[in-house]
Amino acid sequence: MALRELSSLEKCLGLKKPNKYSTQGDKKVPVLQNINGPSLVGLVTIATHLVHEAKRAELLGASAEQRAVVQQWLEYRITRLDSYSKDELKLILKELNQYLEDKVYVAGNVFTLADILLYYGIHHIIVDLAIQEKEHYLNVTRWFDHIQHYPGVRHHLPPVVVLRNRVYPSGHY
Amino acid sequence: MTKENVQGAGKEEQQVQSKKALKKQQKEAEKVAKKAEKQAKVAAEQQDADEDDFAKDRYGVCPMVQSQQKLDRALVRVQELTPEKAEQQIWVRARIHTSRAKGKQCFLVLRHQQFTVQALIAVGDCASKQMVKFAANLTKESIIDVEAVVKKVDQKIESCSQQDVELHVERIFVISQSEARLPLQLEDAVRPEGEGDEEGRATVNQDTRLDNRVIDLRTTTSQAIFRLQSGICQLFRDTLINKGFVEIQTPKIISAASEGGANVFTVSYFKTSAYLAQSPQLYKQMCICADFDKVFCVGPVFRAEDSNTHRHLTEFVGLDIEMAFNYHYHEVIDSITDTMVQIFKGLRHRFQTEIQTVNKQYPSEPFKFLEPTLRLEYREGVAMLRAAGVEMGDEDDLSTPNEKLLGRLVKEKYDTDFYVLDKYPLAVRPFYTMPDPNNPKYSNSYDMFMRGEEILSGAQRIHDAQLLTERAQHHAIDLEKIKAYIDSFRYGAPPHAGGGIGLERVNMLYLGLHNIRQTSMFPRDPKRLTP
């Protein structure tokens, strides 16, 4: 899964030459063999490296504060989104929904690597949501729909249908 | 020495024993004395009471009403207690809803059907201390006759339906006494869900309600629900009779299943077996062949589906319509939808109080509909669902969640809670459904929906014996068993269509309730056969 995600990220960043990856351990942590230096291990590490290679450093945040926020959400993706138990799912969606209430992108008003990786990581959850649930986590759905339509991001993932108008206005049913 | 010792010990023992016995005796004597004293006291009090009680003819327990006498006494209904009746002396028969004694006064809330009024008994010219005590000790739900004067009140009584008056009781007699312990409290049974959670107050769960249905039916909510239900039936009849329909009665014990054999109840019928009718389908069609043109039928319908859902019962009341048409079955759809619209309008017009009463416990948005009724084709419905991300085949039947979702999508787009879905795939309909002339995969059949749930299923029927035989064979139905049915189309049969409506569902969905058992007076489901 992570490997397909990295190859999509390469395309998204406009890198022409695809890298070769292997995996390591039970959790299939991705590994990148680097020709010029030591090999890189881990999704976020490799992703950050690819961003630098593509000379798109702005995707990691323009200011120190933004860089910190981006790092925080990259970590969130790995620690929370990639290993949650079933009962936590609703909690995750709820906290994300609250967080995104006043934001266009995860790190505020600019598109960053955190949006891309969070989108890849949350796709399998959103795809399974019923319409009523998508409407319930309105901010998550809005952000998700925006990112999946962001030029060049979606690649290997199927589009998820998102209704633009509210179908369950009263809350019950 | 040893002997003496033993004797001595024996004596001591005796003494001890006798001491114990003495004590015991003494205690018992004391007890008896106390009891006697108590009895005497009670008797004395009673006597006192009897002697002092100047009002002893003004209250008491009536002898059982066995129709010994014809009293010339007009009983005023609780709902008629309005300020116009102020200062009048009247008689009322009602139940004791609640009672609250406070020193020399006792407040009662009297209830008749969904109406309540406050009554007051105070020690004074008409009532003695004993009478107030008697009133305060009456058990809840007892039926009483009271004579009282209607008095206007300065401050509205919020807890009663009759807010502007109260009754000053002068006489009070018990007609029927209730047992002190009730299996459920009426206030608990009408409390909206979630409300009172903080105060730790109880709500009554559905099974308890249904187990004690007689008491549950006394609640204001139940009273309103079933008055509305009666209204639906009446509006249904009135509208159709105005349209020139004839009411028919059909047998419920039948020889063959009308819509597939899996979900019918089998009953033993002398030496053979019979089925309980799943719908009056075959009979209403035979009436059409017998030139009745437009018929309807209100009666029980049985389904042996083992489904324990919020909207399935094993016995419900079917409102069935069958009608001959001239050239296109949409004539029938229009007639049925117009009937439904007349019902909705009639309910909105005549049953506003009942709707509001139910809304207090089960809040819902008012029911919306369009005129003329919205008609969508099945294909359009499927397209709307696909646009919303639902994956389904062209000829798949609608699953319940998809049905509900489509209802929401339609509500959002057209702002209506009532619509018709036309042209169902032929494969998902019964054998007597007329195929669509333009596309053999579809059929001239339709469902009607309220708040996204099916309430009516109908179609143009095949009125040609030849085609009917073919379709029955295609569905692998034993032709022998439906011979009488097929034969009825051999001697000239007009084109016709119809549909069957579930009364309980209409009631449930109109009021926005969530369980069909709430709109069935004595519900029958796979797990419930009583009461």
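**Contacts, dimensions and sheet order of chain B**

In chain B, 70% of the contacts with a separation of 6 or more are accounted for by residues 24 or more positions apart. The model is a predicted one, and within it chain B holds 14 helices and 17 strands.

As regards overall dimensions, the radius of gyration of chain B is 34 Å, whereas a compact globule of 531 residues would have a value near 24 Å. Along the principal axes, the C-alpha atoms of chain B occupy a box of roughly 120 × 85 × 55 Å. Of the 531 residues in chain B, 48% are buried, while the exposed surface of the chain comes to about 28,300 Å², of which 49% is supplied by carbon and sulfur atoms. Chain B carries 72 positive and 76 negative charges, and the mean positions of these two sets lie 6 Å apart.

Among the strands of chain B, 8 form an open sheet with mixed pairing, in which the order is E7-E11-E12-E17-E16-E15-E14-E13. The edges of this sheet are strand E7 (246-247) and strand E13 (374-377) of chain B, each of which pairs on one side only. In general, the strands of a sheet pair through backbone hydrogen bonds, in either a parallel or an antiparallel manner. The antiparallel case is found in chain B between strand E14 (residues 418-422) and strand E15 (residues 445-450), which are joined by 5 bridges; in this pairing, B:Phe418 stands opposite B:Met450 of E15(B).

Notes: Residues are numbered from 1 along each chain as its sequence is written. Chains are lettered from A and ligands numbered from 1 in the order in which they are written. This is a predicted model: local features need pLDDT of at least 70, side-chain atom pairs count only at pLDDT 80 or more; totals for chains, interfaces and linings use all residues. Side-chain values use heavy atoms; hydrogens and water are left out. Helices (H or I, at least four residues) and strands (E, at least two) are DSSP runs, numbered from the N terminus. The radius of gyration is taken over C-alpha atoms; the globule rule is 2.2 Å times the number of residues to the power 0.38. Buried means under 20% relative accessible area, exposed over 50%, partly exposed in between (1.4 Å probe, protein chains only). Contact means heavy atoms within 4.5 Å. Accessible areas come from the Shrake-Rupley method with a 1.4 Å probe; for residues, only the protein chains shown count as cover. Lys and Arg count as positive and Asp and Glu as negative; His and the chain ends are not counted. The place of a charge is taken as NZ of Lys, CZ of Arg, CG of Asp or CD of Glu. Two strands pair if DSSP finds at least two bridges between them.
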